[in-house]
Amino acid sequence: MKFLGVYDYTVILTYVGLISSVIGMTQAIHGDYKAAVFCLAFSGVCDAFDGRIARTKKDRTHREKNFGIQLDSLCDVVCFGLFPAFICYLLGVRGVLGLILVCFYCLCAVIRLSFFNVLETERQQSEEGCNKTYHGLPVTSMAFLLPMTFWLQFVVSQLTFLVLLHVLLGLVGLLFILDFPLKKPGLKTILALVAVVAFVFFGGYRTQRFDHLNAQDIDRVDFWFCTGEMVTVTEPDEVEQVIDLLQSLKLKPWFGNGKAGVLCHVEFYNEAGEMGRVYYGAGQIIEGDRVYNMDRDYGDEFRALFYELKASNP
C-alpha cells in the first residue's frame, strides 16, 4: 500500500505543530484560552525548528524539498493565520471593526505565505541552504506576540486589553505584507524567546485567591458582556445584586488572573484598587483551573441582570 506525501523525520515537527493548533482551537471553543494560547506558542516552537531538522537530511530529492515548502506554508496558514485570529475573535474582537481586522489579518497571512512559496521555490533552484533574512515580519511571530499580549489582560483593564488585540491584528497583519529586510533570529535568540514565553505561562499566570467577597469591601463592579457592552456599578444595592448572583452559583472570585470565558465576565475593584475577575463561558463557568458545566439558564440570568443594571446606569 502506497501513501501520498512524505512521512520521515524531516516533516514530523510540522505535523505536530498543526495538530497542536487544531487542539488549541478546540480548547478556545470551550473557553480555555490559556491552553489555546499555549498550543499556539508550542506550534511556534515546532515551526522554529522544523526547517533546521529538515536540512540535516542531505539527500532530499527536489520533490521532497518542494513538498516541505508547500506543507510548511499550508500548516502556517492554519497555525499562525486562522488560529490566532480565531482566538482574538473569541476574546472579544467583535463588531464591524473586529471582523474587518480578523479578515485583514488572515488575508495578509495568506498573501505573505503565498509570496514566500514563490521566493523559496525560485531560490532553491539556484542555491542550497536557507535565507538569512526575511521579507517583512514572519507569520510565526504571532506565536510570541499573542501570548505576550494575552498575559497583559491580567494587568490592564478589559477595555485596554480589547484595544490591544485590535491593534495587534491590524499592525501585525500590515507588517506581514510590508517588504522590509529582517534578519532571521539565531538559535540563541529563538531559545531566549521560548524561555520568555515559558516564564509567562509558568511564572506569570499566578493568582492570589480571596475566599470571601463582601459587598462592603467592593468600591465598584465592571460587568462586561460578550456583545462588548459594559456597565459600571457603584451603588451598594446593585453591587449586592451581582454578588448574590455569583454566590448563588457557588463561585468564589479570584483577585488576579483566571481563564477567560466567552459569555461575560465581572471585574471587582476594592478601595485599594485591587482588581479581581470572574469569567463565564457559554454553558460553562470557569473558576481558576476548574470548569463547571452549568445549565444554559444561568446565561439567561446573567443577561437579565446585565441589562437591568445597564438600564439603571445609562
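Here is a short walk through this structure, from the whole chain down to two individual residues. Keep in mind that the model is predicted.

Let's start with the overall build. The protein chain has 314 residues, and 45% of them are buried. Its secondary structure consists of 9 helices and 10 strands. If you look at contacts between residues with a separation of 6 or more, 75% of them join residues 24 or more positions apart. On the outside, the chain has an accessible surface of about 16200 Å², and carbon and sulfur atoms account for 63% of that area.

Now turn to the surface, where Arg52, Arg55, Lys58 and Lys132 form a positive patch. One of these residues, Lys132, is a good place to pause. You will find Lys132 in the loop that links helix H4 (95–124) to strand E1 (133–135). Is Lys132 buried or exposed? Its relative accessibility is 66%, so Lys132 counts as exposed, because the cut-off for that label is over 50%.

For a contrasting view, go to strand E4 (residues 218–225), which holds Phe223. This residue counts as buried because its relative accessibility is 1%, and buried means under 20%. Which residue lies 83 positions from Phe223 along the chain, with its C-alpha atom 7.1 Å away? That partner is Phe306. If you have the model open, try selecting Phe223 and Phe306 together to see this pair, then swing back to Lys132 in its loop between H4 and E1.

Conventions: Residues are numbered from 1 along each chain as its sequence is written. This is a predicted model: local features need pLDDT of at least 70, side-chain atom pairs count only at pLDDT 80 or more; totals for chains, interfaces and linings use all residues. Side-chain values use heavy atoms; hydrogens and water are left out. Patches are made of residues with over 30% relative accessible area and no salt bridge: like charges are joined within 9 Å, nonpolar side chains (Val, Leu, Ile, Met, Phe, Trp, Tyr) within 5 Å. Accessible areas come from the Shrake-Rupley method with a 1.4 Å probe; for residues, only the protein chains shown count as cover. A salt bridge is a side-chain nitrogen of Lys or Arg within 4 Å of a carboxyl oxygen of Asp or Glu. Lys and Arg count as positive and Asp and Glu as negative; His and the chain ends are not counted. The place of a charge is taken as NZ of Lys, CZ of Arg, CG of Asp or CD of Glu. Helices (H or I, at least four residues) and strands (E, at least two) are DSSP runs, numbered from the N terminus. Buried means under 20% relative accessible area, exposed over 50%, partly exposed in between (1.4 Å probe, protein chains only). Contact means heavy atoms within 4.5 Å.
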